[in-house]
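This report looks at the salt bridges of one protein model and at where their partners sit in the chain.

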Amino acid sequence: MTTTRPRLLAAASTIAALVLAAGCTTAPTQTPPASGPSAAPTAAAPGQPITSLSLERIPWEGGPAYYKKFAKADAAGWSDPSFFPVLIWYNGISSDAEAQYDKKMGFNTYVGMDKGTDYGLFQRNGLFWIGEKLNDSFNAQSTNWVGDFLEDEADGRFEPKPGLAQMAKRKAETGKEGRFRYSNFTQLIMNRDFPTGVAEDYVNNYSDVVSMDMYFYTVPYCSQAGYNPAQYPANTGQKYCRTASSYGRTVDALRLRDAADGKLLPLWNFVEIYNGMGSGNDDLKVTPEQATGAAMSSIIHEARGLAWFNQSFTGQCKGTSLVREVQMNPNHCAAANVNAVGALNNQVHRLAPVINTQSYKYKFGDGLDTMLKVHDGSAYVFAMVDNASDPGQRTFQVPDELKGRTVEVVDENRTIPMNGDGTFTDNFAQESSYHIYRIH
C-alpha cells in the first residue's frame, strides 16, 4: 500500500467566489455556442423509439471521442462510448486479486502508486495508469499507461509565477508516446482574490484533462460563523452548503475557467470516500448516501469522470488506502462507504453509453437539478434536488415530445404514472437522493 500526504486545502478566508447562476445544470455562458436543436420536427408517437429531441444541446468537448487524439488512450478503449473513467487516488495494487477487487468495485484508473508496481497488473486486468514511468516494466508500448500526471494542487502549493513555471516544465516533460496530460487543482482557481488570468492559465494551457477537489461535506467552512454565500457556487446559502448539490456546482465552476479560451476539456471531479481533510473532527465525514449523491451530482453537472479520494487522516476511522483496507477487513469502519461507492461506480459503468451522449438543455421544474439524454430509443432523466430547497416531493414537466410515455425508475424496480399534461411526481427523501428515469 502507498501512503501520501494529506491533500492541501486553501484557507476558508480565501475560498473562491464561484459566480454561476442558481439552478444552472449546464455549462456556463462563457462556453462556446452549443450546437443547434437536433433534427426532430415531429415527435415520435408513444411506443415508437425516441431518436432525438428538438431541444438545444449543451456545449460538448466530444465525450469519449475526445480521447481518439491520444494513441494510448484510444488503443486502451477510452474512446469507446461504453467506457467511463473512475479514478482512485493512491490505492496500490500488488496482485491480480487486488486488481480484480478494485475492478469489481468499479475503479478502473489509478493515480499514485508504488515504484515497484508491475505494469502487467494493469494490462492483465483491464486497468489504467496515469502517472510517471514506475519501473522498467513500463515502456513505449504500454497501452494501459494512458496518461501523465502533471501536478496535484499546483495552485495551492505554489505562488502563481513559480506554479505556472512548474506546470510549463511538467508539460514539456510529458505527453509523450500518445498519452494525455492530467492535472488536479484546488478551489483556489475559483478564488475571487486569485488572479483570473492565472486561474485560466492553470486550467487551459498545460493539461488535456483537469479536475478539482473541494470536499464540501468534510471541510469545516460550511459550518463556520460568518459564512458568506457569495463564496460558493450559485450563491449557495449556508443551509445548503454541506450538500451533494455543491459538488455539481464545483464542476460548473471549473467549467467557467475551462471555457474561457473557447475550447472545452473533459472535466473530472473529486469526491471523498470518507473524510476529505485533516479537520480533527470525526463528525465531518460522509455517509454512504452522501458520497454517492456527491458523485451523481457531479455527473448531472457534466463531469466526464469521477475521482475518489481514498484516504482519511483524522477522526476515529483513519486509513491511507481505504479500499484496500476494506478488502483486507470487511468489517473496517469505512466498509459501508466503500461498498456504496462501488455500487455507484458500477451503476455508472452500466449507464456509460447513456452518460456519454451529449445532453439536452431543459428545465423540468422548480427545485430540481437534472440531466436529459437520449439513447437507444429512450430518453433518460438524471435528477436530484437543487442547491436551494429541501428534499421532498418534486413534479417533473416533460418536453412535449415525451408526453404520454412510460416512466421507468432505473435500478429501482418501479414505474411512475405520467399525467395527461406530461407531468409526473416523485419523492427525494434526502438532499443526497437521486433517481434516474427512463422514458420510453
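In this predicted model, the structure holds 21 salt bridges. Three of these pairs are set out below with their N to O distances.

| Pair | Distance (N to O) |
|---|---|
| R304 and E61 | 2.9 Å |
| E408 and R438 | 3.0 Å |
| D426 and R414 | 2.8 Å |

The salt bridge of R304 with E61, at 2.9 Å from N to O, links distant parts of the chain, since R304 belongs to the loop between helix 8 (288–300) and strand 8 (305–309), while E61 is found in the segment before helix 1 (71–75), 243 residues apart. Both R304 and E61 are buried, and the two residues also belong to a network of salt bridges in which E61, E302, R304 and K373 are linked.

The side chains of E408 and R438 meet at 3.0 Å, N to O; E408 lies in strand 12 (residues 407–409) and R438 in strand 15 (residues 435–439), so this salt bridge ties together parts that are 30 residues apart in sequence. E408 counts as partly exposed because its relative accessibility is 26%, and R438, with a relative accessible area of 25%, is partly exposed as well.

For D426 and R414, whose side chains meet in a salt bridge of 2.8 Å from N to O, the linked parts of the chain are strand 14 (residues 423–428), which holds D426, and strand 13 (residues 414–416), which holds R414, with the two positions twelve residues apart in numbering. Here D426 is buried, because its relative accessible area of 9% falls under the 20% cut-off, whereas R414, at 28% relative accessibility, counts as partly exposed.

Notes:
Residues are numbered from 1 along each chain as its sequence is written. This is a predicted model: local features need pLDDT of at least 70, side-chain atom pairs count only at pLDDT 80 or more; totals for chains, interfaces and linings use all residues. Side-chain values use heavy atoms; hydrogens and water are left out. A salt bridge is a side-chain nitrogen of Lys or Arg within 4 Å of a carboxyl oxygen of Asp or Glu. Helices (H or I, at least four residues) and strands (E, at least two) are DSSP runs, numbered from the N terminus. Buried means under 20% relative accessible area, exposed over 50%, partly exposed in between (1.4 Å probe, protein chains only).
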